[in-house]
Amino acid sequence: GITRHYKFNIKLHSVTRLCHTKSIVSVNGQFPGPRIIAREGDRVVVTVVNNVQNNVTIHWHGIRQLQSGWADGPAYVTQCPIQTGQSYVYNFTITGQRGTLFWHAHISWLRSTVYGPIIILPKKNVPYPFAKPYKEVPIIFGEWWNADPEAVITQALQNGGGPNVSDAYTINGLPGPLYNCSAQDTFKLKVKPGKTYLLRLINAALNDELFFSIANHTLTVVDVDAIYVKPFKTDTILITPGQTTNLLLKAKPHFPNATFLMAARPYATGRGTFDNSTVAGLLHYEPPSKSSPSASSFKNLPVFKPTLPPLNDTSFAANFTRKLRSLANSEFPANVPKKVDKRFFFTVGLGTNPCPQNQTCQGPSNNTKFSASVNNVSFVLPTTAILQAHFFQQSKGVYTTDFPTTPTFPFNYTGTPPNNTMVSNGTKVVVLPFNTSVELVLQDTSILGIESHPLHLHGFNFFLVGQGFGNFDSKKDPPKFNLVDPVERNTVGVPSGGWVAIRFFADNPGVWFMHCHLEVHTSWGLKMAWIVTDGKLPNQKLPPPPSDLPQC
Ligand code: C2O
């Protein structure tokens with residue numbers, strides 16, 4: 001591989017959407033931010049210079065970061081933030097991945113405007129396992145707030161209530177024609193009849209899983225989270241925040257006298273009220289020759305709209321997930337742990353914290369604050385980085401290693417919720433010896449209502465070996481696990497009122513964050529960290545931190 005250098009200048013940038021103009025934190029004055037393009041095996045070196053008042057870190061979502069944990073990026077987990085006027089060089093090599101990932105800020109809600117695609121091409125002269133597409137197009141979903149998203153979450157955390165929902169979903173930063181004052185900000189994809197396009201979908205939205213579809217067109221899924229899958233055809237895909245999906249779109253063989261909408265809107269399981277809005281873009285066919293319909297005549301063509309599943313279509317979600325399978329062939333084997341060294345059972349869900357005295361809180365019940373937890377522990381970020389504390393053996397006052405590896409009080413997780421909704425708070429981690437093979441069951445709970453949680457693990461891909469509804473049954477469910485061709489990914493939707501089982505080898509020394517990629521749940525504490533110790537061999541150890549690692 002070669003080394004590719006990028007410079008990210010974090011600066012303010014003025015953007016107008018939905019007739020609201022505001023100054024956003026951006027990379028290089030671009031929104032969405034610049035593309036990182038590299039081949040498998042390349043080294044990527046990104047110099048990030050912070051020229052805004054906010055503290056900043058950047059995370060390379062889904063990049064394995066083998067032995068480069070200092071470059072992972074979550075604030076107070078692997079690094080202290082880059083402060084105003086300072087810079088930090090992220091340096092990592094892409095190994096064993098090809099497809100689409102993305103980078104985003106990993107502090108507070110800054111990722112609402114600071115994000116962009118990572119495009120990983122196969123090694124030179126190595127073809128895709130499918131016919132070479134005519135063109136490749138990144139499609140990155142986001143959310144737009146007319147207000148400042150940092151103020152939205154700060155206020156919500158203060159009053160204990162739920163943060164305001166965004167004002168629009170976006171495709172490549174554009175809300176599209178179904179919102180007021182937005183038709184001029186519409187993503188348009190021009191295609192030629194008969195050609196095949198590789199769409200690189202990224203869900204960078206903060207708080208919503210999304211359905212996506214293109215009217216009158218079939219999509220072929222070929223890759224998720226930068227790992228090839230067995231191709232399958234579908235009209236609609238589901239993509240959670242933190243997930244990426246590569247699709248083949250075959251344009252119709254003849255010029256159709258029509259324009260087609262592509263659209264995305266939430267799959268939302270846990271809400272009483274919905275923001276029913278939909279982001280749309282246009283699929284335009286280029287006229288076959290200059291003499292046929294001119295560009296201006298696009299206006300008069302009929303527009304076809306896609307049908308998207310209902311907002312709470314949990315069975316679509318489960319069926320879609322079931323279709324995703326690894327290639328699991330000799331060229332792309334699925335290295336699924338067959339033997340398990342350590343089994344963990346984690347409940348994920350919402351809960352409450354008491355309201356501080358002399359304050360009124362807008363949480364789910366009288367004088368409570370919304371909270372969220374893993375095994376009833378709501379994770380509190382420390383004020384210095386866990387990875388530094390671990391590396392220099394100074395854990396005291398930073399973190400403790402007593403994360404409960406089974407629920408503190410078992411109950412019927414998906415049945416009648418317990419009366420006590422309170423969570424405990426702490427900075428607790430699980431320590432894994434190098435190369436432990438791990439099985440982790442993630443169980444949704446009904447404490448404040450069942451809800452789908454897209455869980456993201458840093459530093460690893462995992463295999464999704466099982467999923468189901470209701471309570472996980474440790475006797476009946478494991479014999480049904482798929483250890484042959486389970487999908488390999490970095491983010492999985494824990495089904496609403498159900499569970500998933502994942503497996504991975506802890507072959508990457510460092511501190512690895514795991515959290516719900518619904519940003520509001522992360523803010524409420526639905527997160528924890530794993531520490532993976534060094535192995536014996538030199539290539540199994542975490543190297544010392546780079547000299548420019550930011551200090552707190
Ligand atoms: Cu994309 Cu920890 O996040």
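So, H61: its bridge partner is F102, over in strand 7. Strands here are DSSP runs of E at least two residues long, helices are runs of H or I of at least four residues, and both are numbered from the N terminus. Strand 5 and strand 7, residues 99–105, run antiparallel and are joined by four bridges. When I say two strands pair, I mean that DSSP finds at least two bridges between them.

Before I go on, a word on what we're looking at. This is a predicted model, so local features need pLDDT of at least 70 and side-chain atom pairs count only at pLDDT 80 or more, while totals for chains, interfaces and linings use all residues. Residues are numbered from 1 along each chain as its sequence is written.

Okay, back to those strands. They belong to an open sheet of four strands in the order 3-8-7-5, with mixed pairing. At the edges stand strand 3 (36–39) and strand 5 (58–61); each has a single partner strand, so one side of each has no neighbour in the sheet. From one strand to the next, the twist averages 20 degrees. For angles like that, axes are lines fitted to C-alpha atoms (for helices, over the stretch in contact), and the angles run from 0 to 180 degrees between N-to-C directions.

Let's go back to the start of the chain. Strand 1, residues 3–17, and strand 2, residues 20–27, run antiparallel, with eight bridges joining them. In that pair, S14 stands opposite S23 of strand 2. The two strands make a hairpin with two residues between them, and L18 in the turn has a positive phi of about 50 degrees. Strand 1 also pairs with strand 4, residues 43–50, this time in the parallel sense and over eight bridges. There, K7 stands opposite T47 in strand 4.

Now the overall layout. The domain assignment splits the protein chain into domain 1 (1–126), domain 2 (130–326) and domain 3 (342–540); such bounds come from an automatic or database assignment. UniProt, in an unreviewed entry, places the feature "domain: Plastocyanin-like" at residues 12–124, 136–287 and 407–535. Those positions are in the numbering used here, feature names are shortened, and annotations may be inferred rather than shown by experiment. The 12–124 span is 0% helix and 45% strand, with its end C-alpha atoms 37 Å apart. For 407–535 the figures are 5% helix and 43% strand, and the end C-alpha atoms lie 29 Å apart.

How do domain 1 and domain 2 sit together? Their C-alpha centres lie 22 Å apart. The contact takes 25 residues from domain 1 and 31 residues from domain 2, where contact means that C-beta atoms, placed from the backbone, lie within 7 Å. On the domain 1 side, strand 7 and strand 8 (115–121) each supply at least two residues. Strand 7 gives the largest share there, with five residues. By type, that side of domain 1 has 12 nonpolar, nine polar and four charged residues. In that split, Ala, Val, Leu, Ile, Met, Phe, Trp, Tyr, Cys and Pro count as nonpolar, Asp, Glu, Lys and Arg as charged, and the others, Gly among them, as polar.

Next stop, strand 9, residues 135–144. Seven of its 10 residues are buried, so strand 9 is largely enclosed by the rest of the structure. Buried means 20 or more other C-beta atoms within 10 Å of a residue's own, exposed means 12 or fewer, partly exposed is in between, and C-beta atoms are placed from the backbone. Strand 9 pairs with strand 12 (residues 196–203) in the parallel sense over seven bridges, and P138 stands opposite R200 there. With strand 10 (residues 168–171), strand 9 pairs in the antiparallel sense over four bridges, and F141 stands opposite I171.

One residue I'd like you to find is D185, in the loop between strand 10 and strand 11 (188–191). Is D185 buried or exposed? Buried, with 21 other C-beta atoms within 10 Å. Its C-alpha atom and that of T16 are separated by 9.3 Å, although the two residues are 169 apart along the chain. Setting aside neighbours within four places in sequence, D185 is in contact with R17, L174 and P175.

Last one: an open sheet of five strands, order 25-33-32-27-30, with mixed pairing. Strand 27 (residues 453–457) and strand 30 pair in the antiparallel sense over four bridges, with P454 opposite G493.

Note on methods
Two residues are in contact if their C-beta atoms, placed from the backbone, lie within 7 Å.
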